[in-house]
Every structure is written in C-alpha cells, then in structure tokens.
Amino acid sequence: MASIDEPPPLTNNVDGEVDLDGMDNIDEIDIDEVNAWLDEMYECDEDDEDEECEDEEEDDEEDEDEEEEDDEEWEDDGDEQSEYEDDDVDEEDPIEIEKRLYKFHPSDENFKESDLEERKKRRFLIGQHSFYDLADPHLENALDPLDLAAEEEGLEAEEKKRRGLKAEKDFYKDTCKELGVTPDRKVLASLRELTMDLTGYGMNSKEIVALCKLLERNNHVEFLCLSGNAAGTEGGLAIAELITNNETITTYELAGTEIVEAFEAICNAIAQNLCVMHLNFSRNELEDIDMPHIKKVLREAPLLRSLKLSGNQIKDNGLRHIGLGLKDNQSLELIDLSFNKIFGENKAGIFFTACADHPTLRIINLRRNFIRDEGGKGVGRALGNAQLEELDASFNLMEAASAQSMARGLGRHKQRPIKTVKLELQRFRQEHGAAILKPLANKNLEMPDFELLDFGFMLDIHTTFIAAKEKALKVHPDLKIIHGQTYGLDKAKGPDHKQLVIRKADAVCTSFETTLVMLMEELAKEKKELTVAEFRKFIKQCNLYKDKSVTEAFEKVFEKPGTGFVDAVAILEAFDKEYPGKRFIPEPTEEEEMEEKPKEEKKKKGKGKGKGKNKAKGQDKVGKKGGKGKKK
C-alpha cells in the first residue's frame with residue numbers, strides 16, 4: 001500500500017460536523033496543499049486496492065462478531081439502560097457552542113472594517129471547496145462572488161475622467177501657445193471646481209480668449225467670475241461665443257471688464273441660452289443706448305434670477321427700456337441700479353409700475369441716484385410689491401410727496417415678507433418720517449420679518465416722529481428704526497445745529513475720495529470769513545457740492561448774522577468739538593502770536609476788573625452787615 005502523507009488538520013467529529021479545535025489561525029490553511037493531498041489519496045495502485053479490499057472484509061467480519069456480543073450485553077443491562085434514558089440531559093448554551101466553533105473569529109470589539117474585505121475573500125475560497133459553512137454575523141453574503149463588473153466600470157469611469165482632464169489641459173496649453181500667452185495655473189487647477197474665480201486677476205483680452213475656448217469644452221464650472229479683467233472687445237466676443245456654446249455655466253460676473261463694444265453680442269447670446277441665471281454688468285460705462293439689449297435679455301432669458309447694472313451711466317430713457325423688459329419677465333428676483341443717473345421721471349415711471357406688479361421680484365437697489373419727488377412716488381409704488389423683501393433708495397433727493405407714496409406702499413398688503421427698507425440721507429423732515437411710520441402702527445398689517453427701517457441722518461427729529469416711532473414699535477417690537485439725533489426733549493434751547501451739520505457732511509464725504517478731515521485742513525488755510533460765493537467755490541474741492549442740502553446748511557448755520565459772510569473759524573471749532581484730535585492743527589506763526597497777545601491781555605484785565613468790583617461789593621455788604629450788628 002502506497003504511503004500517503006497525513007492530511008491537513010481537518011477532521012470530522014462523531015456527529016459529522018467539522019472539528020475546529022486547534023484552528024485558531026485560519027490563515028494557516030493552504031488550499032493548494034489540500035488539493036494536492038486529495039489528488040494523492042485517489043492515485044492508488046490496483047494491487048494496493050485489492051489488499052485494501054481483503055483487509056476490509058476481515059474487518060467487517062470482526063465488526064459483526066463485536067456487534068452480536070454488544071447486543072447480548074444490552075439485553076442483560078436493560079434496566080440500567082432505561083434509567084440512563086430517563087435522566088435529563090443538560091443542553092449546552094448556544095453562545096458557548098458558537099464561541100467554541102468560531103473562536104478563531106475576532107470579537108465584535110476588536111473587529112475592524114479594514115479586515116472586512118480580506119475576510120470576504122477567505123470565506124469565498126473556503127466556501128468554494130465546501131470544507132464547512134461559517135455563520136459570521138459581520139459578513140452577510142460573504143459566499144457570493146465579488147461584483148467585479150461594477151469595479152471595472154468604476155475604474156473605467158475614473159480613467160475616462162482622467163483622460164478628459166488631460167485632454168482639456170493639453171488643449172488649453174496649445175491654445176495659449178497659438179495666442180502667445182502663458183497658461184495660467186489657477187485656470188488649470190479650477191477645471192473640476194464649481195467656481196472659477198478670477199476676479200481682479202489682471203488678465204488681458206488674449207488670455208480671456210484662451211480661457212473661453214477652454215470652457216466651451218468644460219462641463220464642470222458653473223460660476224465664472226471675470227470682474228476687474230480687461231476683456232475688451234476681443235475678449236467680450238469670446239465671452240459671447242462661450243455663452244452660446246456652454247450649457248453649464250449659470251453665473252457670469254463681468255463687472256468692470258470693458259465689454260461695451262461687444263455688449264450686444266453678449267446679450268444676444270444670453271437670450272438664446274437657457275441656463276444663465278445671474279448676470280453682473282456693473283461698472284462697464286453702459287448708457288441708455290445699450291439698454292434695449294437688456295430689454296431683450298429680460299424678455300427672452302427664462303431662468304434669469306439677478307441682474308446687476310450698478311455704476312453705469314443709465315438715465316431715465318434707459319430705465320424705460322428696462323421697465324419694458326421687466327414687464328414681460330417672470331423670473332427676476334434681484335435688480336441693482338445703484339450709482340447711476342436716474343431721476344425716475346416722465347416715461348421712466350413704467351419701470352416702477354413693472355416692479356410693483358412683478359410676481360417674483362424680491363430685492364430692488366436704487367442707491368445713489370438723483371430721484372426726486374416724482375421718481376420717489378414711483379419708488380413708493382414699487383414698495384407696494386407683495387413679494388418685496390429689500391428696498392434701498394438711500395442717498396437720493398426725495399421729499400414730502402415721496403414719503404406719502406411710501407406710506408401707501410407699505411400699507412398696501414395685509415401680509416408681506418418685507419425685511420429691510422433703507423432711506424438714508426433724503427430731504428425728509430420729521431413729519432415725513434412720521435408719515436412713513438404711520439402704517440406700521442396698524443395691527444392688521446402682518447410683517448413678521450421686518451427688521452430694519454433706516455432713515456439715516458435726519459436734521460430735525462422731534463416729538464412728532466418720536467410719537468409715530470413708539471406706536472410702530474408697539475406693533476413691531478423687533479423692528480430697528482435708525483434715525484438722527486433727537487432734540488428738544490432734554491434741551492429747552494433746541495439742538496446744536498452746528499454739530500448736526502458737521503455729522504451730515506461727514507456722512508456724505510465717506511462715500512467720496514475727499515474726506516471731511518481733508519476739507520477742514522484746507523479750510524484752515526483760507527480766510528477766517530468767506531463770502532457765500534467764496535465758500536461755494538471752496539466747497540467744490542470736495543463732492544459736498546453735489547448735495548445742495550449740505551451746502552445750504554453750512555451757509556445757514558455758520559453765517560454771521562447781517563454780514564453775508566460764512567464764519568470759517570466757527571466751522572473748524574464745531575468740527576474739532578465733534579471729532580477732537582482728528583484734524584492736524586499747525587503751530588501758530590509769530591505774527592499770529594503777536595496778534596493774539598493783546599487780545600489775551602485784554603481778557604485778563606477784564607476778568608481782573610470784574611473780580612475787584614465783586615470783592616469791593618462783597619466788602620460793602622459785610623460792612624453793612626457789621627454796622628447793623630454794632631447798632632444792635
């Protein structure tokens with residue numbers, strides 16, 4: 001009989017189950033070794049098989065004799081056997097059985113996710129050879145074949161993305177080489193980002209052309225920010241081509257890109273694009289002649305949400321075209337027309353009517369224009385929009401009629417989502433502000449989100465306004481109302497008009513290059529008394545002259561009575577009192593010191609004379625009292 005090596009330590013117990021004792025380390029099982037042993041066991045010679053058969057027959061005879069003897073013994077010991085059968089057998093705890101059978105498995109506490117994949121593979125190999133079945137609670141469906149097809153698809157997709165990115169980069173580099181520009185690293189790094197922010201990056205027209213050609217092939221970037229780059233006509237036409245061919249980018253930030261000559265082409269491309277949602281054309285020197293293109297965009301871009309045209313040269317005729325486009329628009333939520341030259345008069349009123357009736361408009365910005373009472377009435381109509389949340393009409397020239405219109409606009413709907421209204425630096429007086437506050441005292445009006453009503457600096461806040469404010473705050477306790485300094489309540493003499501004028505002038509100057517401090521330092525070099533004409537000429541050095549109300553306030557408050565002169569010294573003193581230490585005060589010259597000495601001496605002499613007289617009077621009183629005492 002050929003010798004056969006001993007099999008690996010896998011044996012069956014009496015119950016036919018696999019005995020796993022001694023198998024603490026399942027990794028020691030070598031599948032190839034087991035297969036080799038099985039093949040060797042079945043490769044026996046014929047002679048060996050015959051010998052085995054004879055041995056088996058002899059063994060069978062011996063087994064039969066032993067069985068007969070056992071039967072006889074069982075018959076003799078029947079009573080003992082019945083007693084044995086009646087004994088209760090204690091069942092073994094299933095948890096203990098599981099621990100004994102699967103003690104090579106790590107416990108739940110030591111189980112690591114990193115072991116999961118390795119254990120799945122091991123279970124799969126063992127299951128293929130059907131040595132035994134395992135019930136591992138951590139590995140559901142462990143014997144199922146691995147989903148190799150899905151893994152291959154994932155790898156193919158990643159490889160495809162990698163190849164696509166490489167192709168885009170190569171195309172961009174080749175395009176830059178043709179145009180004679182250097183490829184930009186930031187552009188290459190942003191090809192798989194949602195936002196490509198190149199604001200103020202200093203790109204020229206050719207660099208923007210290369211970028212636009214690259215983005216025509218890109219389907220990842222959604223926000224393109226090119227504000228502050230000199231695109232020019234060539235770059236603007238490339239942007240128009242990009243908008244025509246790209247269906248992924250939804251936001252174009254093009255503020256200050258010098259695209260006036262290509263503006264028509266850009267607007268035509270936007271009108272044909274169904275994905276554009278946000279546009280910024282601020283600071284591009286657009287005029288009324290360019291606004292018909294905006295009208296086309298508003299009419300034909302179905303998903304447009306925001307339009308920013310701040311800092312251009314738009315006047316009333318251009319505003320009329322915007323209003324005509326807005327009338328046919330059903331999607332716009334924000335429009336920004338701040339820092340333009342809008343009066344809002346005559347035919348421009350169609351814009352405010354369109355704003356009042358628009359179904360989705362939430363934010364209107366008309367800051368720093370030239371809106372007077374007629375335009376202010378239109379602003380009041382726009383304020384009546386039921387969906388409006390924010391209105392900014394600060395730094396305009398609105399007066400009484402505008403305030404009445406705004407009051408009607410605020411009280412137009414019983415329930416509305418209005419949040420902020422900004423009306424800083426108008427020509428309102430306290431009664432105008434009180435009129436705007438009046439509808440807020442109505443308990444039937446629901447404005448739960450109203451946070452801010454900003455009147456900015458107001459010259460004469462007094463009892464009428466304060467009473468209206470208190471009534472409004474009773475209904476809207478969370479509303480913040482900003483206004484100027486109140487007066488007349490604590491001081492019987494009224495307000496310090498000089499300080500108020502200085503504050504208003506400072507508030508106006510903060511938005512311009514020439515600050516009020518610089519203006520005061522220049523005023524200190526002028527004459528101490530200036531005629532009205534000389535003062536106005538001096539004011540033109542600063543942008544204060546654009547706000548006529550400030551100039552008039554200076555002339556009225558600081559004019560010397562009956563002389564027609566403006567007191568420059570009083571202006572400087574009021575400024576130093578309001579902002580001490582802010583202005584540089586040069587040391588006085590010798591001539592000025594000589595002039596001031598006699599004045600100071602006169603003041604001292606006057607004070608001394610007064611004190612001497614007072615002393616003498618006091619002594620006389622004491623003497624009189626003393627005399628009376630002596631008489632007594």
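This passage describes a helix pair, a buried serine and a one-sided helix in a predicted model. Residues are numbered from 1 along each chain as its sequence is written, and side-chain values use heavy atoms, without hydrogens and water. Local features need pLDDT of at least 70 and side-chain atom pairs count only at pLDDT 80 or more, while totals for chains, interfaces and linings use all residues.

We can begin with the pair. Helix α13 (residues 349-357) and helix α14 (residues 373-383) have axes that come within 7 Å and cross at roughly 15°; helices here are DSSP runs of H or I, at least four residues, numbered from the N terminus, and axes are lines fitted to C-alpha atoms over the stretch in contact, with angles from 0 to 180 degrees between N-to-C directions. α13 is therefore roughly parallel to α14 (angles under 35 degrees). Gly 349, Phe 352, Thr 353, Cys 355 and Ala 356 of α13 meet Gly 375, Gly 378, Val 379, Arg 381 and Ala 382 of α14, contact being heavy atoms within 4.5 Å.

Ser 405 sits in helix α15 (residues 400-410). With a relative accessible area of 5%, Ser 405 is buried (under 20% relative accessible area; exposed is over 50%, with a 1.4 Å probe and protein chains only). Leaving aside residues up to four places away in sequence, Ser 405 touches Gly 376, Lys 377, Gly 380 and Arg 381.

Helix α20 (residues 532-539) buries Phe 535, Phe 538 and Ile 539. These residues lie on the same side of α20 because they cover an arc of only 100° around the axis, taken from the directions from the helix axis to the C-beta atoms. The face turned away from the buried side of α20 carries the exposed residues Ala 533 and Lys 537.

Technical notes:
Helices (H or I, at least four residues) and strands (E, at least two) are DSSP runs, numbered from the N terminus. Angles under 35 degrees count as roughly parallel, over 145 as roughly antiparallel, 65 to 115 as roughly perpendicular and the rest as oblique.
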